[in-house]
Amino acid sequence: MTIIASLLRGAELPDSPTARLDIELLLAAAIGKSRSYLHTWPERIVSSEAAQTFASYLQRRRAGEPVAYILGQQGFWNLDLEVAPHTLIPRPETELLVETALALLPAEPAKVLDLGTGTGAIALALASERRQWQVTAVDRVLEAVALAERNRQRLQLDNVTVLTSHWFSALAEQRFQLIISNPPYIAAEDPHLVAGDVRFEPSSALVAGNDGLDDLRQIVAEAPAHLLAGGWLLLEHGYDQAAAVRELLARHGFEQIESRLDLGGHERITLGRLSC
Ligand SMILES: C[S@@+](CC[C@H](N)C(=O)[O-])C[C@H]1O[C@@H](n2cnc3c(N)ncnc32)[C@H](O)[C@@H]1O
């Protein structure tokens, strides 16, 4: 017979920088309770089935698999999202894109496009904050499109449409007030791709050519044909890509170009506007 406290004490994840948190999240999920339950009821008995589930979760985490993939879920903005290995686990720094988008447009009806939606994180966060916006969310990976659609349905966000599209290919002549994207932006040979949790994420969500800018170049070049006059393009990029993205935006006729810092102090997003 095992109790919560002894499972917590006995568990080890030597290679995880967030070991304690990971252990608590995995145990809470294995017993179907919240993290606070673990500390409120440390003497409660854990069934042998739940203890085995916890052991198998720990084994997967020790092999490097991210907690979000083990549990199949991740929080983003104020939403609980289903996640899967076909696309990126939403990152906290991407919330800066959501925050910036909400401040750019007035709270009035608008058409918004999220390119490379993955789990649907950005589109669903925007749609949950602005019920009067019509948000189109696209991805090229079919499994990501299905995942985003499941998240949309579970969250009952009827103001989002999820489509399969290679960037703008399925959008014909449609134009938007705001196009937002967190595209792949890592260089193919970047050593980060073979380290830590990122190893488990698909290259379709991460890699963009030799310098990491292939997708950003394509999006910036094609966006003007899909923006209304005065429309905004808002992009996440690598910590060292802001100057290159600003130059791309300027070359394609954007104005009011600026980059913003993430919480780590890196220029993480860049935006530009078409003239009115
Ligand atoms: C960095 S992930 C971002 C996912 C999500 N927007 C987020 O912030 O968590 C990039 C996404 O772009 C998608 N993608 C890659 N190439 C694409 C393309 N050519 N057209 C549409 N989506 C693409 C990937 O499948 C992946 O879901």
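**Charges over rings, two domains and a covered ligand**

The charged end of arginine 44 is placed over the ring of tryptophan 41, and the distance to the centre of that ring is 4.0 Å. The model that shows this arrangement is a predicted one. A second pairing of this kind brings together lysine 111 and phenylalanine 176: the lysine lies over the face of the ring, 4.9 Å from the ring centre. Pairs between two aromatic rings are another matter, since a search through the whole structure finds 0 of them.

Stepping back to the chain as a whole, the domain assignment gives two parts, with domain 1 covering residues 2–64 and domain 2 covering residues 84–274. Between the C-alpha centres of domain 1 and domain 2 there is a distance of 35 Å. Arginine 44 and tryptophan 41 carry numbers that fall in the range of domain 1, while lysine 111 and phenylalanine 176 fall in that of domain 2.

The ligand comes next. Around it stand 19 residues, and the closest are Thr87, Gly116, Asp139, Trp167 and Asn182. By type, this shell is made up of 8 nonpolar, 9 polar and 2 charged residues.

Which atoms of the protein meet the ligand in polar contacts? In aspartate 139, a side-chain N or O atom is 2.6 Å from an oxygen atom of the ligand. Tryptophan 167 takes part through its backbone, where an N or O atom lies 2.9 Å from a ligand nitrogen. Histidine 166 uses its side chain, with an N or O atom 3.4 Å from a nitrogen atom of the ligand. As for cover, the ligand on its own has 600 Å² of accessible area, and the protein covers 98% of it.

Definitions and conventions
Residues numbered from 1 in each chain as written. Predicted model: local features only at pLDDT ≥ 70, side-chain atom pairs only at ≥ 80, totals over all residues. Heavy atoms only, no water. Domains from an automatic or database assignment. Near = heavy atom within 4 Å. Polar contact = N/O pair within 3.5 Å; in protein donor to acceptor, adjacent residues only side chain to side chain. Areas by Shrake-Rupley, 256 points an atom, 1.4 Å probe, with all protein chains shown as cover. Nonpolar A, V, L, I, M, F, W, Y, C, P; charged D, E, K, R; others polar. Phe/Tyr/Trp six-rings, centres within 6.5 Å; stacked < 30°, edge-to-face > 60°. Lys NZ or Arg CZ within 6 Å of the ring centre and 35° of its normal.
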